[in-house]
Amino acid sequence: MASLNLNEKKKQVERRRAAQMMKRILIHFHSQMDEALRPQGVTIAQLRLLKTIREEPGASGAQLARSCYMTPQSAQSLLTGLQRDGWVVRSKGRGNDRILAARVTPEGEKLLETAEKAAKVIEGKLWRGVTEDSVEALNAVLEQCLANLGSESNGA
């Protein structure tokens, strides 16, 4: 009976350790991305929104916010900055004059290209020495964890 309790405690410790490592990986990744992007004057949140605008042309601010897992107020603030910096332009959407649809400018496309290069370098460091089989197994585990928590997204 005591060994069962010990095994359960060990499982709990290992699971918490895994969750803490996931968080630490994200913190380090974001920190390195922020450092790489600082010269361009852009944040990860702005880039995420910019990329979503490119992938979902004509989406409303509320739709963009949902896609980026942020509040509509945060998305609006970021959109204003992206527009001010010349990375997006906004115009009235089709069918609803109250919705301003955003699209990425050529300058925004260049920024996304630069950011993608920086991300590839950092991702290369992250995955160095990890086999594709391990990545696939990790993805399966993480997908199960997301499903267990009731996540709406498979590819976030």
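**Exercise 1. Place R54 in the fold and find its partner.**

Task: In which helix is R54 found, and with which residues is R54 in contact, leaving aside its neighbours within four places in sequence?

Solution. Start with the address: R54 is found in helix α2, where helices are DSSP runs of H or I with at least four residues, numbered from the N terminus. A word on the model before going further: it is predicted, so local features need pLDDT of at least 70 and side-chain atom pairs count only at pLDDT 80 or more, while totals for chains, interfaces and linings use all residues. Residues are numbered from 1 along each chain as its sequence is written, and side-chain values use heavy atoms, with hydrogens and water left out.

Next, list the contacts (heavy atoms within 4.5 Å). Leaving aside neighbours within four places in sequence, R54 touches V104, E109 and L112. With E109, R54 forms a salt bridge, at 3.2 Å from N to O. The term means a side-chain nitrogen of Lys or Arg within 4 Å of a carboxyl oxygen of Asp or Glu. E109 belongs to helix α5 (residues 106-127) and R54 to helix α2, so the pair ties together parts that are 55 residues apart in sequence. The C-alpha atoms of R54 and E109 are separated by 8.6 Å.

Finally, check accessibility, using under 20% relative accessible area for buried, over 50% for exposed and partly exposed in between (1.4 Å probe, protein chains only). R54 is partly exposed at 38%, and E109 is partly exposed at 31%.

**Exercise 2. Describe the packing of α2 against α4.**

Task: At roughly what angle do the axes of α2 and α4 cross, and which residues make the contact?

Solution. First, the geometry: the axes of α2 (residues 44-55) and α4 (residues 72-84) come within 10 Å and cross at roughly 85 degrees. Axes here are lines fitted to C-alpha atoms, for helices over the stretch in contact, with angles from 0 to 180 degrees between N-to-C directions. The two helices are therefore roughly perpendicular, the name for angles of 65 to 115 degrees.

Second, the residues: α2 brings A45, Q46, L49, L50 and I53, and α4 brings A75, L78, L79 and L82. Buried residues of α2 include Q46, L49, L50 and I53.

**Exercise 3. Compare two more salt bridges.**

Task: How far apart are the closest N and O atoms of E14 and R17, and is R84 buried or exposed?

Solution. Begin with E14 and R17, whose closest N and O atoms are 3.3 Å apart in a salt bridge. Both lie in helix α1 (residues 2-37), 3 residues apart, about one turn of the helix. An α-helix has 3.6 residues a turn, so residues three or four places apart point the same way. E14 is partly exposed at 37%, and R17 is partly exposed at 44%.

Then take R84 and D85, which meet in a salt bridge at 3.4 Å, N to O. R84 is exposed at 62%, while D85 is partly exposed at 33%. The full count is 5 salt bridges.

**Exercise 4. Look at a positive phi.**

Task: Where is Y69 found, and what is its phi?

Solution. Y69 sits in the loop between α3 (61-67) and α4. Its phi is near 55 degrees, a positive value in a residue other than glycine. Most residues other than glycine have a negative phi. Y69 is exposed, at 59% relative accessibility.

Conventions
Parallel < 35°, antiparallel > 145°, perpendicular 65-115°, else oblique.
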